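Reader: Could you take me closely through the nonpolar interior of this model, and set it against the chain that surrounds it?

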Amino acid sequence: MLLDPSPDQEFFRETTARFLAEKVPPDEVRRLRDDPNGFAPDYWRAGAELGWTGLLVDEDLGGGSLSGLGLVDLTLTAHEFGRRAAPGPLCPTNVVAEMLGRYGHDHRETLSSLVAGRATAAWCVDEPRTGSRTAAAPVDIRIDGDEVVVNGTKRPVEAGGTADVLLVTGRTGQGATNALVPRQAGGVTVTPLRSIDVTRRYAAIDFDEVRLPLTSLVGEAGGGADDATRARRTAIVVSCAESVGALQAVFDLTVAWAFDRYSFGRPLASYQELKHRFADMKTSLEGSHAIADRAAGAVATASSDADELVCAAKAYIGQYGSELVQDCIQIHGGIGVTYEHDLHLYARRAAANRSGFGTPAEHRARLADIVELREAS
Amino acid sequence: MTLETSDRAHVTETLDEFRARARAWIESNLERSDSSAYVGVLRPEASDEEELALVQRERDIQRAMFDAGFAGICFPREYGGQELPRAYQRVFDEELAGYEYPSRLQVPTFVPCAAVLLEFGTEEQKRRHIPAILKGEELWMQMLSEPSGGSDVAAAVTTAVRDGDDWILNGSKIWTTGAWWSDWALCLTRTNWDVPKNRGLTVFMVPLKQPSVEVHRIEMLSGSREFCQEFLTDVRVPDGDRLGEVDDGWTVGTRWMFHERMYRNSPYATIPAGTSRGASRMPELFAVARDAGRLDDPLARDLLGEARMLELVKQSLEQRVSTGVATRTMSDQAASIARLMSGVVESRLVTIGYEFTDANGAAWDEADGAVAQRGVDHLMRQVWCIAGGTTEMARNAISERVLGMPRERSHDPNIPFRDVPRSRPAT
């Protein structure tokens, strides 16, 4: 998390932290396991009033940032979400709001309902891998007269079952197209998936000849690749900030445990073997904070190294974050793998974020491509 | 005391103006850096004559930088510096990427030695040495480690005994980089054997080029002969060359080691930023992968991606810790976090380079290009986790001083150092 937030940013972070501590303490997070929606509408509306949903949207469209770099401000909320395993479609709603904001005058009504927290959104981008057991037709978006027609399958879609609007990124010939689809539209079938994260809901979504007016397009048909790329970068920055929050929670719990837990007449924290592992964990945790913040700053300012830093953040936090979590579970011993202990609530968030928007290995491969291109130039 | 320069900075040009002036000066005064410089891990140096010529070239560059107003960008003006905010040093470092620079003069002359002098030196000491350092006239070394002590730096047995207005030093120091071509050293000595070890130390400034200091060069397994051991026999040092208080050398020593750990983000060092060989190992690793014919191998590409990831995280963490310490949101002890990360990452990058070479890493020909010597680098890999304090010491500092975990039981607390069991003398 930001090392030197401005007073405004710190007040904003602290407000969200207090709100989440009160509304979604660990017992409430556990209870949500059996709640089909995963969060309550009034909880989300209150969060929107605190500023969770408008940071990536211009002021004249109802949004606004604290620092001028809305994405950096948003990482403060995302960090608190991770730290408390908070429910709610923070990442997808902001990603969709940001993209709609770029075409704000075409989608003013939808945008204002998202910013106000009256509605939420999901970004339908991932598709089952060709050749996999779940393989299905990729999403095709074609223009038919004055209608947009959507066909194909997306999965997994975070918050796909609860979102009011679905932003679908599909193909039109050689190009990418982004279109807004009401979840209630005819031809949309939502199949809930099981998830490791008790507070999040994922779905597989089939689009079967879904017909919409041309005004559903976000940007040009076939010209949506750049928007999708930018949306992915935003999503990764938000999910990395969330993961770092979760890692911080796991680490703090485990440090406290090491002081409280006695074995052979001395606290765990006095064993050099464990102390050195804590030092390694502290180092990878601070490294995670550092790269996540640097990537957020680079994306927010459209710096030329933004892609590279985003890949490094996603790869590092995915890989080393997972190791940190498992080390913390190990140090807890048996209680670390029980449902009763809070540890897993945060571990789930970090593990789910590890696989979304590219695995560590995929981002390492991309990093190699980026550096090679630069070396060649 | 923080790493930030004071707010009485003498700003007469904007960052952009400064950048333009720095760029113009660098382009017309410095050569592009040799693309094969700084690769590998302590590779054998050129002949002594060539090495001395390189040192002289770097002294000349330093002098030229001084004359152009680019030396000591964050040093106080009264000692010949520019007293500008550190953003100006960063800009200069950015412009320097891809050019030759006085690398041998940065560590340890500027950091930690000059930084320690600035903190603890008397007015007279600073006026005598800092301008000379900024002009490239004095190259400094750190006499800290000893053959018998290992990581326990405070267990120094090199002794200083008072003799009128002078002190007489006897003992041996080791792992002094480049001492054979240097001028001065900071030397940590024992001045009191009758108090616990940390309370009987004193720091002196010692000229190296004198008969009573015998410099012996150590050959590393790679063939490098950059490290030295010095034997001090009745070295006479005037009390005016004492740095800090008598028996309070540990106060100086802890700041000394702090500056050493933070050198990459120190406002006192000039180190090219960005993608020069000095700052990134990626050109080097790509060269190995290319020369080994593995640039299209997905396994190799995964490792290249890992290398870049680690490098970026290491850089970002160094920036974070540097900012945290400067703004007091982190304690000085957090420098150990950056130290641990750099040791682990640098050694991993060396392993990745060796991975690309297949069997040719073990047996090569000089015609193999970047593949040659990678095996030796791999054998030298641990240097990154040893030099500048071992990573084990960093782990102790992080767990005990940052996280507040119980300290290891000490076997030498509150007893006179003369009664503390010690290693047998090195033979």
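Author: Helices here are DSSP runs of H or I with at least four residues, strands are runs of E with at least two, and both are numbered from the N terminus. By that reading, chain A of this predicted model has eleven helices and ten strands. Its 377 residues would give a radius of gyration near 21 Å if they formed a compact globule, and because chain A has 21 Å, the value agrees with that expectation. The C-alpha trace spans about 80 × 55 × 50 Å along the principal axes of chain A, and buried residues account for 57% of the chain.

Turning to the interior itself, nonpolar side chains tend to be buried together in soluble globular proteins. The largest nonpolar core here holds 134 residues, of which Tyr43(A), Trp123(A), Phe278(A), Ile291(A), Leu304(B) and Phe356(B) touch the most other members. Helix H7 of chain A, residues 225-260, gives the most to this core, contributing 16 residues. For a closer view of one member, Leu304(B), with neighbours within four places in sequence left aside, is in contact with Ala368(A) from the other chain, and within chain B with Met282(B), Leu285(B), Phe286(B), Ala289(B), Leu295(B) and Phe356(B). A second core, separate from the first, comprises 70 residues, including Val213(B), Leu243(B), Val252(B) and Tyr268(B).

As for the outside of chain A, about 15,400 Å² is exposed, with carbon and sulfur atoms supplying 49% of that area. Its charged side chains number 39 positive and 52 negative, and the centres of these two sets lie 6 Å apart.

How values were computed: Residues numbered from 1 in each chain as written. Chains lettered and ligands numbered in written order. Heavy atoms only, no water. Rg over C-alpha atoms; globule rule 2.2 N^0.38 Å. Buried < 20%, exposed > 50% of the residue type's maximum accessible area, 1.4 Å probe, protein only. Areas by Shrake-Rupley, 256 points an atom, 1.4 Å probe, with all protein chains shown as cover. Lys, Arg positive; Asp, Glu negative; His and termini not counted. Charge placed at Lys NZ, Arg CZ, Asp CG, Glu CD. Core = buried A, V, L, I, M, F, W, Y, C linked by side-chain atoms within 4.5 Å. Contact = heavy atoms within 4.5 Å.
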